[in-house]
Amino acid sequence: TDVVTSAQIADVDRSIAPQPRRNAAADLFQVSTISGNAITYFLQGAYEGTPAATAESAKKPQNSTSFEAKTLALTKVAAYIKETDEILYDEPFLASEVQNSLVYQIGKVEDATVVGAIAGTSGIGAETYDGSTVTFADGILKAIKKVKGDSAFDASVVILNPADVFTLLTAKDSNQQYYGGGYFSGAYGNGALNIPANIWGVQIFESSAVSSGDALVCAREAVKVWKKGGIDVRIFEQNEDDAIYNRVTLVGEERLACAVVDLKGVVLLTPEES
């Protein structure tokens, strides 16, 4: 009369959903590594005067420029995660995914740090739009042309708030057709659906570090990012009371600095004040 049941033998699905590949803001600009804890760079001042055709024996026109030395300390982006040593030793694939998650989240803060440093730089170019005669999209084109006209470089990225990217993608003409193509096909049913990654031919990068209604238009050569190594993740087994609770602590950190090295190569587009 006894009922005998077999023990459950549970298998483990080791196919964890991977962390998505991140398009890093730093990759849009110049990146260098440094060994110290601060960097000194030179910011070129205004170029005064204009070269001109000069007749034989005539006086050449005088031009001038200057460079200002600036020193910037590294910023640290860091976080830690505690996990049981059972996970570390019994399920190493889970420990690896915890580490990947930590690296991904630090990378997102790196993006915000880079964009915030650019937007917060004093003296970068400025452009405005009124929202009617000059729309937001028109203003972005003005800023692109301003970068080209004021600096020696072409604009290579437009940094937008995600809400503004949504507004641009859903903008319609008088026939209620999407400018960027419909949600099933291209504009007016022509071609396949393709969500634009560019505006006016310049790459879009989305970041909440830019205020909605603003746009940062940058030339790649105008911004530089310095890193002391990459994202470093270390494991500590004797931290605080971890040994008592059979835990380990994963600490991830990165040190970097970002600066606009050519003020004319970056333009901040903002709406006109009413």
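The following conversation goes through burial, the core, salt bridges, cysteines and backbone angles in this predicted model.

Biologist: Why is C218 called buried?

Modeller: The relative accessible area of C218 is 0%, and buried means under 20%, so C218 falls on the buried side of that cut-off. C258 counts as buried too, because its relative accessibility is 11%.

Biologist: How do you know that C218 is in no disulfide?

Modeller: A disulfide requires two cysteine sulfur atoms within 2.5 Å, whereas the cysteine sulfur nearest to that of C218 belongs to C258 and is 9.1 Å away. The pair therefore fails the distance test, and a search of the whole structure finds zero disulfides.

Biologist: What makes K76 and E253 a salt bridge?

Modeller: The nitrogen of K76 and the oxygen of E253 are 3.7 Å apart, and the cut-off is 4 Å, so the pair qualifies. K76 lies in strand β4 and E253 in strand β12, so the contact ties together parts that are 177 residues apart in sequence. E253 is itself buried, because its relative accessible area is 18% and the limit is 20%.

Biologist: Which residues belong to the network that includes K82 and E240?

Modeller: The side chains of K82 and E240 meet in a salt bridge at 3.2 Å, N to O, linking strand β4 with the loop between β11 and β12, 158 residues apart. Through salt bridges that share partners, K82, E240, D241, D242 and R247 are joined into one network. K82 is partly exposed at 28%, whereas E240 counts as exposed, because its relative accessibility is 63% and exposed means over 50%. The count for the model comes to 14 salt bridges, and one of them joins E68 to K70, with the closest N and O atoms 3.6 Å apart.

Biologist: How do you know that the length of helix α2 agrees with its number of residues?

Modeller: At 1.5 Å a residue, the 28 residues of α2 (92-119) should span 40 Å, and the end C-alpha atoms are 41 Å apart, which agrees. Buried residues of α2 include F93, L102, I106, V114 and I118.

Biologist: What does α2 give to the largest nonpolar core?

Modeller: That core has 47 residues, and those touching the most other members are F29, I118, I140, V158, I159, L216 and V266. Among the elements that give two or more residues to the core are α2, α3, β6, β9 and β13, and the largest share, six residues, comes from α2. As a general tendency in soluble globular proteins, nonpolar side chains are buried together.

Biologist: Nonpolar residues also appear at the surface, so which ones make a patch there?

Modeller: L169, L193 and I195 make a nonpolar surface patch of about 270 Å². L169, which sits in helix α4 (162-169), is called partly exposed because its relative accessible area is 30%, a value between the limits of 20% and 50%.

Biologist: What makes the phi of S57 worth pointing out?

Modeller: Most residues other than glycine have a negative phi. S57 is not a glycine, yet its phi is positive at about 75°, and S57 is found in the loop between β2 and β3. S57 is exposed, because its relative accessible area is 79%. W200 likewise has a positive phi, of about 55°, in the loop between β7 and β8, but W200 counts as partly exposed at 46% relative accessibility.

Terms used:
Residues are numbered from 1 along each chain as its sequence is written. This is a predicted model: local features need pLDDT of at least 70, side-chain atom pairs count only at pLDDT 80 or more; totals for chains, interfaces and linings use all residues. Side-chain values use heavy atoms; hydrogens and water are left out. Patches are made of residues with over 30% relative accessible area and no salt bridge: like charges are joined within 9 Å, nonpolar side chains (Val, Leu, Ile, Met, Phe, Trp, Tyr) within 5 Å. Accessible areas come from the Shrake-Rupley method with a 1.4 Å probe; for residues, only the protein chains shown count as cover. Helices (H or I, at least four residues) and strands (E, at least two) are DSSP runs, numbered from the N terminus. Buried means under 20% relative accessible area, exposed over 50%, partly exposed in between (1.4 Å probe, protein chains only). The expected span of a helix is 1.5 Å times one less than its number of residues. A nonpolar core is a set of buried Ala, Val, Leu, Ile, Met, Phe, Trp, Tyr and Cys residues joined through side-chain atoms within 4.5 Å.
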